[in-house]
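User: Hi! I'm new to this one, could you walk me through it?
Analyst: Happy to, let's bring it up.

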Amino acid sequence: MTNRERVLAILNYQSYDRLPIVHFGLWNETLDIWVKEGHISAKEAEGHSGGNPPPTAMKRLGFDMGWVEEGCGADNGFRPSFKTEVIEELPDGSKKVRNGDGVIILQMPNAGSIPAEIDHLLKDRASWEEHYLPRLQFCEDRIDYEHLEKLKGQETGRENPLSIDCGSMIGTIRNWLGVEGLSYLWADDPDLFDEIINTYFELIYKGLKKMLATGIKCDFGAYWEDICFKTGPLVTPSVFNEKCGPHYREISNLLKKHDIQMSFLDCDGLIDSLIPT
């Protein structure tokens with residue numbers, strides 16, 4: 001059986017020959033250490049991008065595939081992106097950096113993990129309308145139609161399953177606002193809170209609709225929603241249900257119209273109270 005056949009059989013409660021050994025990405029530093037320790041070569045480590053480590057290197061380490069090793073998706077990022085720039089260099093070697101989300105972070109030397117957030121450009125309606133709303137408009141060049149054409153027609157013969165990126169209803173927005181900013185905005189300006197969520201959903205939905213209209217056949221949808229921590233969600237479950245639930249249903253219905261019956265959602269932390277939504 002191919003990895004695709006195994007995965008689809010397992011997820012549909014059918015017979016399969018064996019469980020595939022699946023990875024879900026890794027830190028850049030991990031791959032660097034494996035090169036230094038001689039487990040893989042520097043050439044095998046080339047082209048690493050977090051969630052999609054080089055397939056040849058991962059196969060050598062014993063993995064069959066990654067969940068999003070083969071996938072497609074529209075560009076749901078900022079157009080244009082915010083310029084990454086150093087705001088201040090501190091005596092200990094750390095730096096205050098404005099990143100591609102417009103967030104000022106504390107970048108520690110030789111540290112690649114999640115940085116501390118110092119300040120956020122997105123604070124209110126004025127900053128939303130000036131800096132963010134114009135960057136979140138849909139346009140055709142957000143979709144790589146050439147890549148979709150290459151993928152079309154390969155459905156039954158491919159080795160690995162093919163996913164389609166369904167975006168994020170609030171986790172990405174939490175990146176822009178920060179946890180405190182997200183929490184206060186819901187209370188201080190509920191209309192703006194709704195507008196931000198709805199704007200980002202519309203961008204995601206339009207891209208999905210255009211991509212699926214090409215006839216691309218995908219095996220499952222893939223969401224990203226880092227909106228929980230170790231003891232529970234970073235957003236009130238009733239708010240998540242009310243504000244994000246309808247959008248999840250719309251995307252789910254769109255996928256099902258195109259015979260995509262399954263989705264997975266990547267979220268950190270204790271997700272239990274958000275699962276029903």
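**A first look around**

Analyst: Let's start with Asn-3, which touches Pro-20, Asp-64, Met-65, Glu-159, Asn-160 and Pro-161, leaving out residues up to four places away in sequence. Please keep in mind that this is a predicted model.

User: Thanks! Which helix is Asn-3 found in?
Analyst: Asn-3 belongs to helix 1, which covers residues 3-11.

User: And is Asn-3 buried or exposed?
Analyst: Asn-3 has a relative accessible area of 3%, so it counts as buried.

User: What separates the C-alpha atoms of Asn-3 and Ser-81?
Analyst: They are separated by 36 Å, and the two residues are 78 apart along the chain.

User: Okay, new topic. Where is the place of Glu-69?
Analyst: Glu-69 sits in the loop between strand 2 (65-66) and strand 3 (71-72).

User: What does the side chain of Glu-69 reach at 3.0 Å?
Analyst: That would be the backbone nitrogen of Gly-66. The Glu-69 side chain also makes a polar contact with the side chain of Asn-160, at 3.5 Å.

User: Beyond neighbours within four places in sequence, which residues is Glu-69 in contact with?
Analyst: The list is His-23, Asn-52, Pro-55, Lys-59 and Asn-160. You may recall Asn-160 from earlier, as Asn-3 touches it too.

User: Nice. What about Ala-42, where does that lie?
Analyst: Ala-42 is in the loop between helix 2 (28-36) and helix 3 (55-60).

User: Buried or exposed?
Analyst: Ala-42 is exposed, because its relative accessibility is 53% and the cut-off for exposed is over 50%. From Ala-42 to Ala-57 the C-alpha distance is 9.6 Å, with their positions 15 residues apart in sequence.

User: Can we talk sheets? What is the order of the open sheet of four strands?
Analyst: The order is 4-5-6-7, and the pairing is antiparallel. Strand 4 (85-89) and strand 7 (116-120) are at the edges with a single partner strand each, so each has one side without a neighbour in the sheet. From one strand to the next, the twist averages 30°.

User: How many bridges join strand 4 to strand 5?
Analyst: Four bridges link them; strand 5 spans residues 95-98 and the two run antiparallel. Within this pair, Val-86 stands opposite Val-97 of strand 5.

User: Which helix lies across strand 6 and strand 7?
Analyst: That is helix 6 (residues 171-188), and it runs at about 95° to strand 7. Strand 6 is residues 103-107.

User: How do helix 6 and helix 7 pack?
Analyst: Their axes are 9 Å apart and the angle is about 150°; helix 7 is residues 190-213. The two are therefore roughly antiparallel to each other. Among the residues making the contact are Trp-176 and Leu-185 of helix 6, and Phe-193 and Tyr-200 of helix 7. By class, this contact has twelve nonpolar residues, one polar and one charged.

User: Last one: what is on the covered and uncovered faces of strand 12?
Analyst: Strand 12 (residues 263-266) has Phe-264 and Asp-266 on its covered face, while Ser-263 and Leu-265 are on the uncovered one. In a regular strand, side chains alternate between the two faces of the sheet.

User: And in what sense do strand 9 and strand 12 pair?
Analyst: Strand 9 (residues 220-224) pairs with strand 12 in the parallel sense, over four bridges. One of the partnerships is Ala-222 with Phe-264 of strand 12.

Terms used:
Residues numbered from 1 in each chain as written. Predicted model: local features only at pLDDT ≥ 70, side-chain atom pairs only at ≥ 80, totals over all residues. Heavy atoms only, no water. Pairing = 2+ DSSP bridges. Axes fitted to C-alpha atoms, helices over the stretch in contact; angles between N-to-C directions. Contact = heavy atoms within 4.5 Å. Polar contact = N/O pair within 3.5 Å; in protein donor to acceptor, adjacent residues only side chain to side chain. Buried < 20%, exposed > 50% of the residue type's maximum accessible area, 1.4 Å probe, protein only. Parallel < 35°, antiparallel > 145°, perpendicular 65-115°, else oblique. Nonpolar A, V, L, I, M, F, W, Y, C, P; charged D, E, K, R; others polar.
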